[in-house]
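Subject: Structure for you to look at

Hello,

Here is the structure I said I would send, with my notes below it. Please read them with the model open.

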Amino acid sequence: MRHFAVELEELNQALLEMGGLVESSIHCSVQALVDRDERMARRVIEDERRINQMELDVDARVTRLLALNQPVARDLRLLIMALKINTDLERMGDLAVNMAERAISLSKVPPVKPLVDTPRMASLVEDMLHRSLDAFVKRDATLAAQVLPADDEVDSLRDKIYSELLELMQLNPTVVPAAIHLMFVARNLERIADHTTNIAEDVIFLVRGVDVRHHATENRV
Amino acid sequence: MRHFEQELEQLKGKLLEMSALVEAAVQRSVAAVAQKDRSAADQVFRDEERINALEMEIDEFAINLLATQQPLAADLRLVVAALKINTDLERMGDLSVTIAERAISLLSEPVIKPMMDIRHMSALVESMVRKSLDAFVANDADMARSVLASDDAVDSLRTASYHELISYMEKDPQNIPQALDLIGITRSLERIADHSTNIAEDVLFLVKGIDVRHHSEVR
């Protein structure tokens with residue numbers, strides 16, 4: 001049997017690779033939206049199959065490691081966390097595909113407004129994803145804790161985008177269908193940020209043994 | 001009965017308790033919308049704490065089960081599925097809270113359209129929640145498949161309601177804020193249906209050993 005540590009390292013690499021692909025899907029779906037680039041959006045949709053395949057692969061790895069090594073204590077928690085991160089990443093991939101589909105619909109109609117806050121929101125979210133996965137592979141709770149405040153910034157950008165779009169719709173009802181697509185893009189980015197927050201909270205739990213899920217911000221170390 | 005089987009039964013019992021809470025939360029959140037019932041929304045907010053506490057309790061229980069019993073093969077897959085189902089159920093609870101919050105913002109407004117489609121959608125979704133968990137507890141592949149079939153029905157209801165709401169908004173800008181809330185509500189119901197579908201897919205994997213995730217043609 002191969003050494004547990006080696007297999008864990010391979011699992012880390014698999015999650016990082018998946019995270020990299022998800023990050024690029026988020027980036028490209030928003031870039032496709034801004035550049036009205038249908039081809040780029042189609043690439044995101046094609047990449048979903050690879051992300052889905054990676055999800056199945058990570059699940060299989062974890063189940064095998066649980067069966068063969070029967071880990072206890074921290075190693076066991078680490079594997080359970082990998083399962084959860086895997087679910088979060090796959091869902092982020094879905095949300096990126098949803099944004100890419102909306103980018104395609106929007107590329108066929110006149111632009112509603114210049115997109116400034118949406119790409120800003122996307123780069124914040126990509127950074128959160130990157131840092132939360134980094135925190136996971138380094139088992140670094142301090143790094144993980146730094147992800148959490150960005151979530152509030154993402155929420156306030158979403159609120160700003162919502163109210164601007166609402167105003168545009170009320171002034172000109174013909175933009176309603178397009179504006180709703182843009183609202184959902186902002187909402188999807190906010191959901192992706194929530195998933196990265198889940199990962200960061202799991203890392204804090206793993207390292208410090210404190211469960212910060214379902215607690216108010218004052219408990220977020 | 002082996003000690004492990006007893007603990008497995010306990011784990012299933014906890015998941016059933018959680019799914020009953022989630023099912024009630026979905027039902028109450030929609031009642032809060034359709035009947036303008038504030039107390040139903042408040043009950044959803046109160047139950048969220050219990051659902052969150054149960055999520056953590058179930059995670060701990062499953063992890064302890066893995067640590068102390070070291071299950072293999074089918075038993076191991078069952079515990080792993082329980083962990084995934086737990087995550088799905090908690091998220092459904094969150095989505096009910098989102099619906100209840102929108103219900104509160106709709107309380108003071110005159111309704112722009114009858115809520116029949118939302119009720120219809122929610123009845124379907126509640127039955128998906130119940131059936132997916134029943135399928136898990138009873139290892140029932142047929143019941144799991146029936147959940148997958150309902151998911152398509154929910155999607156078409158949602159699409160129909162979406163187009164209808166867009167036309168309300170285009171007709172009269174005053175309808176926009178309320179129509180956006182209603183679009184959000186149908187979107188949340190659709191997501192709850194998706195989570196039930198995840199659970200049903202996990203059950204099919206457990207019972208038949210085939211992974212139907214990401215393979216719609218196998219359905």
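Sorted by class, the residues lining the second largest cavity are 3 nonpolar, 2 polar and 2 charged. That cavity has a volume of about 60 Å³. Its lining draws on both chains: A:Ile80, A:Leu83, A:Lys84 and A:Thr87 on one side of the list, and B:Leu83, B:Lys84 and B:Thr87 on the other. The elements that supply two or more of these residues are H3 of chain A and helix H3 (73–106) of chain B. H3(A) gives the most, with 4 residues. Please keep in mind throughout that this is a predicted model.

The other cavities

In total, the structure holds 3 cavities of 30 Å³ or more. The largest cavity has a volume of about 110 Å³. From chain A, its lining takes A:Arg77, A:Ile80, A:Met81, A:Lys84, A:Asp202, A:Phe205, A:Leu206 and A:Arg213. From chain B, the lining of the largest cavity takes B:Asp59, B:Glu60 and B:Ile63. A:Ile80 and A:Lys84 are therefore found in the lining of the largest cavity as well as in that of the second largest, where a lining residue has an atom within 4 Å of a cavity point.

Which elements each supply at least two residues of the lining of the largest cavity? They are H3 and H6 of chain A, together with helix H2 (38–69) of chain B. Here too H3(A) has the largest share, with 4 residues. By class, the lining of the largest cavity divides into 5 nonpolar and 6 charged residues, with no polar ones.

The interface

Chain A and chain B each bring 34 residues to the contact. The area buried between the two chains is about 3200 Å², and carbon and sulfur atoms give 60% of that area. On the side of chain A, the residues that lose the most area to chain B are A:Leu56, A:Gln70 and A:His214; together they make up 17% of what that side buries.

How many salt bridges are there between chain A and chain B? The count is 3. In one salt bridge, the side chain of B:Lys84 meets that of A:Asp59, at 2.8 Å from N to O. B:Lys84 is also among the residues lining the second largest cavity. Polar contacts across the interface of chain A and chain B come to 5 residue pairs, with both residues at pLDDT 80 or more.

Four helices of chain A give two or more residues to the side that touches chain B: helix H2 (38–69), helix H3 (73–107), helix H5 (141–171) and helix H6 (176–208). The largest share of that side comes from H3(A), with 9 residues. By class, the side of chain A that touches chain B has 18 nonpolar, 6 polar and 10 charged residues.

Backbone notes

Two residues have a positive phi without being glycine. A:Arg139 has a phi of about 50 degrees, and A:Arg139 is found in the loop between helix H4 (117–138) and H5 of chain A. In chain B, the phi of B:Lys36 is near 50 degrees, also a positive value in a residue other than glycine. B:Lys36 is found in the loop between helix H1 (3–34) and H2 of chain B.

Regards

Notes
Residues numbered from 1 in each chain as written. Chains lettered and ligands numbered in written order. Predicted model: local features only at pLDDT ≥ 70, side-chain atom pairs only at ≥ 80, totals over all residues. Heavy atoms only, no water. Contact = heavy atoms within 4.5 Å. Buried area = accessible area lost by both parts, 1.4 Å probe. Salt bridge = Lys/Arg side-chain N within 4 Å of Asp/Glu carboxyl O. Polar contact = N/O pair within 3.5 Å; in protein donor to acceptor, adjacent residues only side chain to side chain. Nonpolar A, V, L, I, M, F, W, Y, C, P; charged D, E, K, R; others polar. 1 Å grid on protein atoms, 1.4 Å probe; cavity = no way out; pocket = protein on both sides within 12 Å on 5 of 7 lines; lining within 4 Å. Points joined across faces, edges and corners; volume = space filled by probe spheres on them.
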